[in-house]
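Student: I should like a close look at one part of this molecule, namely its nonpolar interior, together with the contacts and pairings that surround it. Please set it within the overall fold and treat the surface as well.

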Amino acid sequence: MRTTPGRGFSAIIIILALLWLGQLGWLAWHFAPEALDLAQRLKLGSTTAVSPPADPFDRWLAELAHLLPADRTYIFVDCYETGNYAKMRYVLYPRRQLRLDPKATPALLFTMIQQEKVAFLILGGCNLDPHWHFLCKDQQTVFQTLPTAGPGLVLSVASNRIRGGFYD
């Protein structure tokens with residue numbers, strides 16, 4: 001007696017074919033915007049790749065890479081949670097990065113500047129405590145604001161003007 005594949009086998013084949021067609025439909029729906037853009041570019045004869053718009057933080061980092069000399073040290077004041085310090089360290093390498101939390105005291109800032117011969121101070125997008133507002137005052141001569149177009153503030157530091165020890 002010979003057995004032939006029954007209805008169960010053909011049902012499995014039909015279910016697999018429907019799942020495969022469903023997957024093709026989902027992919028077509030997911031990539032429809034890119035497919036439409038590609039069709040329009042091919043119709044117009046433009047076959048160059050479209051670059052995605054750059055993130056403002058990435059553009060700012062590119063600007064900082066041109067602004068800061070490669071042999072200098074900078075302090076980056078930003079919240080740890082943003083994760084920007086890692087990206088900045090990678091992009092601005094070989095410059096040396098020292099990271100400070102915004103809750104750090106000015107005494108720690110001045111001590112780090114004096115000991116490490118820091119040339120730049122970069123304030124990230126985190127909200128700074130009120131005791132950091134002295135950096136932007138016109139009367140002081142240690143920090144000078146550099147013109148950059150980005151989410152943070154870049155200050156050049158005259159570390160040779162800092163004398164003595166510091167305490168809170």
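Tutor: From the N terminus on, the elements of the protein chain follow the order α-α-α-β-α-β-α-β-β-β, which gives 5 helices and 5 strands. The model is a predicted one. The protein chain has 168 residues, of which 29% are buried. Its accessible surface comes to about 11900 Å², and carbon and sulfur atoms account for 62% of that area. Among contacts between residues at least 6 apart in sequence, 66% join residues at least 24 apart.

We turn now to the interior. The largest nonpolar core has 19 residues. Those with the most contacts inside this core are Ile75, Leu100, Leu109, Ile113, Leu121, Leu135 and Phe143. Several elements supply at least two residues each: the strands β1 (73-77), β2 (96-100), β3 and β5 (153-157), and the helix α5 (106-116). Of these, α5 gives the most, with 4 residues.

Leucine 109 shows in detail how this core is joined. With its neighbours within four places in sequence left aside, leucine 109 is in contact with Ile75, Leu100, Leu121, Trp132, Phe134, Leu135 and Phe143. Another core lies apart from the one just described; it has 15 residues, including Leu61, Phe76, Ala119 and Ile122.

A further point of interest is glycine 124, in the loop between β3 (120-123) and β4 (143-146). Is this glycine 124 buried or exposed? Its relative accessible area is 13%, and since residues under 20% count as buried, glycine 124 is buried. Beyond its neighbours within four places in sequence, glycine 124 is in contact with Phe76, Val77 and Asp78. One of these partners, Phe76, is also among the residues of the 15-residue core. Glycine 124 and threonine 82 are 42 residues apart in sequence, while their C-alpha atoms are 9.3 Å apart in space.

At the other end of that loop begins β4 (143-146), which pairs with β5 in the antiparallel sense over 4 bridges. The two strands form a hairpin, with 6 residues between them. Within this pairing, threonine 145 stands opposite leucine 155 in β5. In a regular strand, side chains alternate between the two faces of the sheet.

The charged side chains come next. The structure holds 3 salt bridges. In one of them, aspartate 58 meets lysine 87, with the closest N and O atoms 2.6 Å apart. Aspartate 58 belongs to helix α3 (residues 56-67) and lysine 87 to helix α4 (residues 84-91), so this pair ties together parts that are 29 residues apart in sequence. Aspartate 58 is partly exposed, at 32% relative accessibility, and lysine 87 is partly exposed as well, at 36%.

Arginine 96 and glutamate 116 also meet through their side chains in a salt bridge, at 2.7 Å from N to O. Here the link runs between strand β2, which holds arginine 96, and helix α5, which holds glutamate 116, so the pair ties together parts that are 20 residues apart in sequence. Both β2 and α5 are among the elements that supply at least two residues of the 19-residue core. Arginine 96 has a relative accessible area of 40% and is partly exposed; glutamate 116, at 29% relative accessibility, counts as partly exposed.

Another salt bridge joins aspartate 71 to arginine 72, where the closest N and O atoms are 3.6 Å apart. Aspartate 71 is exposed, at 63% relative accessibility, whereas arginine 72 is partly exposed, at 39%.

Finally, there is nonpolar material on the surface. A nonpolar surface patch of about 1000 Å² is made by Ile14, Leu18, Trp20, Leu21, Leu24, Trp26, Leu27, Trp29 and Phe31. One of its members, leucine 18, is found in helix α1 (residues 7-30). Why does leucine 18 count as exposed? Its relative accessibility is 56%, and exposed means over 50%.

Definitions and conventions
Residues numbered from 1 in each chain as written. Predicted model: local features only at pLDDT ≥ 70, side-chain atom pairs only at ≥ 80, totals over all residues. Heavy atoms only, no water. Patch = residues over 30% accessible without salt bridge, like charges linked within 9 Å, V, L, I, M, F, W, Y side chains within 5 Å. Areas by Shrake-Rupley, 256 points an atom, 1.4 Å probe, with all protein chains shown as cover. Salt bridge = Lys/Arg side-chain N within 4 Å of Asp/Glu carboxyl O. Buried < 20%, exposed > 50% of the residue type's maximum accessible area, 1.4 Å probe, protein only. Contact = heavy atoms within 4.5 Å. Core = buried A, V, L, I, M, F, W, Y, C linked by side-chain atoms within 4.5 Å. Pairing = 2+ DSSP bridges.
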